[in-house]
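User: I am new to this structure. Please show me how to read its bonds, its contacts and its pockets.
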Amino acid sequence: MHNKTAKEIEDLYQQERHREHGEYFVSVISSHGEEGVILGCDSAPVKLTRIFQILSSEKGLVLAQIPKIFFVQACRGEEFDQGVLVECDGVEPAPDCFSNYLSIPPHTVVMFACSPGYVAFLNVSGSMFLQALIKVLEGEERHLALNRLMMTRVNWQVAFCCQARGTYEGCKEMPCFVTNLLQDVFPFSAPVAEEADSV
């Protein structure tokens, strides 16, 4: 779906919760945004928590019980990540460093293109994050459990193979993966028989 207003985006997810889905529900959102919010083509905000709530409602019982996977290509702030190389044995996390993370419902995974407070980059070919995701899903890594696929393979691609050019030359982004899953899932691993039939 392209160029939808905030209300149309919310309506689309309302429709999805009444449809039959397979073992997983996967959604890719590519838009402008800020922390916890994406923008419709009318520049009106849609809270991500609202989308999660729609799909996790007990009224949409089928969707509420299956893993939901979101890839969100949108800015989460206005800061630019200059990228640094740090070598150390350990580091104490800053207090409350995770306090701004979205609260996500059970059976839900969200992978953001960038860290909280930072911009997500696009280039002439599109989103660095979504390009890295597609590259990984086209390779053998797609057979890995979702947490390994996202937290290591996609993050590595974005961290080491992507950086901004032009005005923001050298700036980086680092995807963030948030999950409430309690077991490994393999949503992109097609059985061997299926792959053979499709060749």
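Analyst: We will take disulfides, salt bridges and the largest pocket in turn. This is a predicted model, where local features need pLDDT of at least 70, side-chain atom pairs count only at pLDDT 80 or more, and totals for chains, interfaces and linings use all residues. Residues are numbered from 1 along each chain as its sequence is written, and side-chain values use heavy atoms, with hydrogens and water left out.

User: How many disulfides are there?
Analyst: A disulfide is a pair of cysteine sulfur atoms within 2.5 Å. By that rule the count is zero.

User: Why is Cys75 not bonded to Cys114?
Analyst: The sulfur of Cys75 has its closest cysteine sulfur in Cys114, but 6.0 Å is too far for a bond.

User: Is Cys114 buried or exposed?
Analyst: Buried means under 20% relative accessible area, exposed over 50%, and partly exposed in between (1.4 Å probe, protein chains only). Cys114 has 1%, so Cys114 is buried.

User: How many salt bridges does the structure hold?
Analyst: Look for a side-chain nitrogen of Lys or Arg within 4 Å of a carboxyl oxygen of Asp or Glu. The structure holds five such salt bridges. One of them joins the side chains of Glu10 and Arg50, at 3.2 Å from N to O.

User: Which parts does the pair of Glu10 and Arg50 tie together?
Analyst: Helices (H or I, at least four residues) and strands (E, at least two) are DSSP runs, numbered from the N terminus. Glu10 lies in helix α1 (residues 6-16) and Arg50 in helix α2 (residues 48-56), so the pair links parts 40 residues apart in sequence. Glu10 is partly exposed at 26%, and Arg50 is partly exposed at 29%.

User: Which residue does Arg142 meet in a salt bridge?
Analyst: Its partner is Glu140, at 3.9 Å from N to O. Arg142 is buried at 15%, whereas Glu140 is exposed at 58%.

User: How much space lies in the largest pocket?
Analyst: On a 1 Å grid over the protein atoms alone, a pocket is an open set of points where a 1.4 Å probe fits, with protein on both sides within 12 Å along at least five of seven lines; lining residues have an atom within 4 Å of a point. Volume is the space filled by probe spheres set on the points, which are joined across faces, edges and corners. Here it is about 560 Å³.

User: Which residues are closest to its centre?
Analyst: Of the 22 lining residues, they are Met1, Lys4, Ile9, Leu12 and Val28. Helix α1 and strands β1 (25-30) and β3 (37-39) each supply at least two residues of the lining.
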